[in-house]
Amino acid sequence: MARKIYGSVELVDLNFEGGARLTLIDGPLQLGWRHSGVTSDFIAEVMAIPFASKKESYNDVHHSISYLANELIENAVKFRLPAQIEIEACLSDTEFLLRVRNPIDGVTSQVFQRKLDQILDDDPGDLLIRQIEANALSDGSTSGLGLLTLLSDYGAKMTWEFSAHETDRVMLTTTAAVAVPLTSNL
């Protein structure tokens, strides 16, 4: 596998100029899940500024951006190989766009690709309900709920690009878009 793409391929080559770029670097910070919430809230604060004049729009946009960013960053932190995580975010007139890049190992790549085959071949809403029911009968794990919620409840368009770089090292690029109110109407 040199390069494999799943999902909304139109998101693969989007230009993120004019947005924000952050890099989370492993090291003394001991990069962990706690950084996901702080980083996603920061991104939401920066990206929701154009909506500040209308409190209801601002709150909705801030929440959607924060939820999307938190899910993608949390997954990158959780499943990455020890390395940096690159995050790009920007706002168009109608969408918030987020791209997260992180290296994963070959086994994680294969498992995730099989999961994506299942998700993309079925209705996300039905899968979400089935996953909630399965979690209720198991140990309470919420694995996969965030991604399914993004697809089902937030109407996110998403793409995942797997690029092999070395033996047992794959660069995963996840790009997502969620609708926001027209910024020109604010």
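**Figure 1. Glu88, a buried residue of strand 3.** At 9% relative accessibility, Glu88 counts as buried in this predicted model, because the cut-off for burial is under 20% relative accessible area. Glu88 belongs to strand 3, which covers residues 85-91. Look for the side chain of Arg21 here: the side chain of Glu88 makes a polar contact with it at 2.8 Å. Once neighbours within four places in sequence are set aside, the residues in contact with Glu88 are Phe16, Ala20, Arg21, Leu97, Leu98, Arg99 and Arg101.

**Figure 2. Asn102 in strand 4 and its surroundings.** Asn102 sits in strand 4, and a relative accessible area of 3% makes this residue buried. Its contacts, leaving aside neighbours within four places in sequence, include Ala76, Arg80, Gln84 and Ile85. Val170, Met171 and Leu172 are also in contact with Asn102.

**Figure 3. Helix 3, from its cap to its buried side.** Helix 3 runs through residues 106-120. At 1.5 Å a residue, its 15 residues should span 21 Å, and the end C-alpha atoms are indeed 21 Å apart, so the two values agree. Asp105 caps the N-terminal end of this helix, with a side-chain oxygen 3.1 Å from the backbone nitrogen of Val107. Which residues of helix 3 are buried? They are Gly106, Ser109, Phe112, Gln113, Leu116 and Ile119. These buried residues cover an arc of only 135° around the axis, which puts them on the same side of helix 3. On the face turned away from that buried side, you will find the exposed residues Val107 and Arg114.

**Figure 4. What covers the buried residues of helix 3.** The cover includes both strands and helices. Among the strands are strand 1 (3-7), strand 4 (95-104), strand 5 (157-166) and strand 6 (169-179). Helix 4 (124-137) and helix 5 (145-152) also take part in the cover.

**Figure 5. Helix 3 packed with helix 5.** Two packed helices are described by the angle between their axes and the distance between the axes. For helix 3 and helix 5, the angle is about 35° and the axes are 12 Å apart. Their crossing is right-handed. Here Phe112, Leu116 and Ile119 of helix 3 meet Leu147, Leu148 and Leu151 of helix 5. Those three helix 3 residues are also among the buried residues of that helix.

**Figure 6. Helix 2 passing helix 5.** The axes of helix 2 (residues 55-79) and helix 5 come within 10 Å and cross at roughly 145°. Helix 2 passes helix 5 in a left-handed crossing. From helix 2, the contact is made by Tyr67, Leu68, Glu71 and Leu72. From helix 5, the partners are Gly146, Leu147, Thr149 and Leu150.

**Figure 7. Gly125 and Leu148, apart in sequence and paired in this view.** Gly125 lies in helix 4 and, at 17% relative accessibility, counts as buried. How many residues separate Gly125 and Leu148 in sequence? They are 23 residues apart, and their C-alpha atoms are 7.3 Å apart in space. Leu148 appears in Figure 5 too, as one of the helix 5 residues that meet helix 3.

**Figure 8. The whole chain, for orientation.** The protein chain has five helices and six strands, arranged along the sequence as β-β-α-α-β-β-α-α-α-β-β. Of its 186 residues, 44% count as buried. Among contacts between residues at least 6 apart in sequence, 70% join residues at least 24 apart.

Notes. Residues numbered from 1 in each chain as written. Predicted model: local features only at pLDDT ≥ 70, side-chain atom pairs only at ≥ 80, totals over all residues. Heavy atoms only, no water. Helix = DSSP H or I, 4+ residues; strand = E, 2+ residues; numbered from the N terminus. Expected span 1.5 Å × (residues − 1). Buried < 20%, exposed > 50% of the residue type's maximum accessible area, 1.4 Å probe, protein only. Arc of directions from axis to C-beta. Contact = heavy atoms within 4.5 Å. Polar contact = N/O pair within 3.5 Å; in protein donor to acceptor, adjacent residues only side chain to side chain. Axes fitted to C-alpha atoms, helices over the stretch in contact; angles between N-to-C directions. Left-handed = near helix turned anticlockwise from the far one by under 90°.
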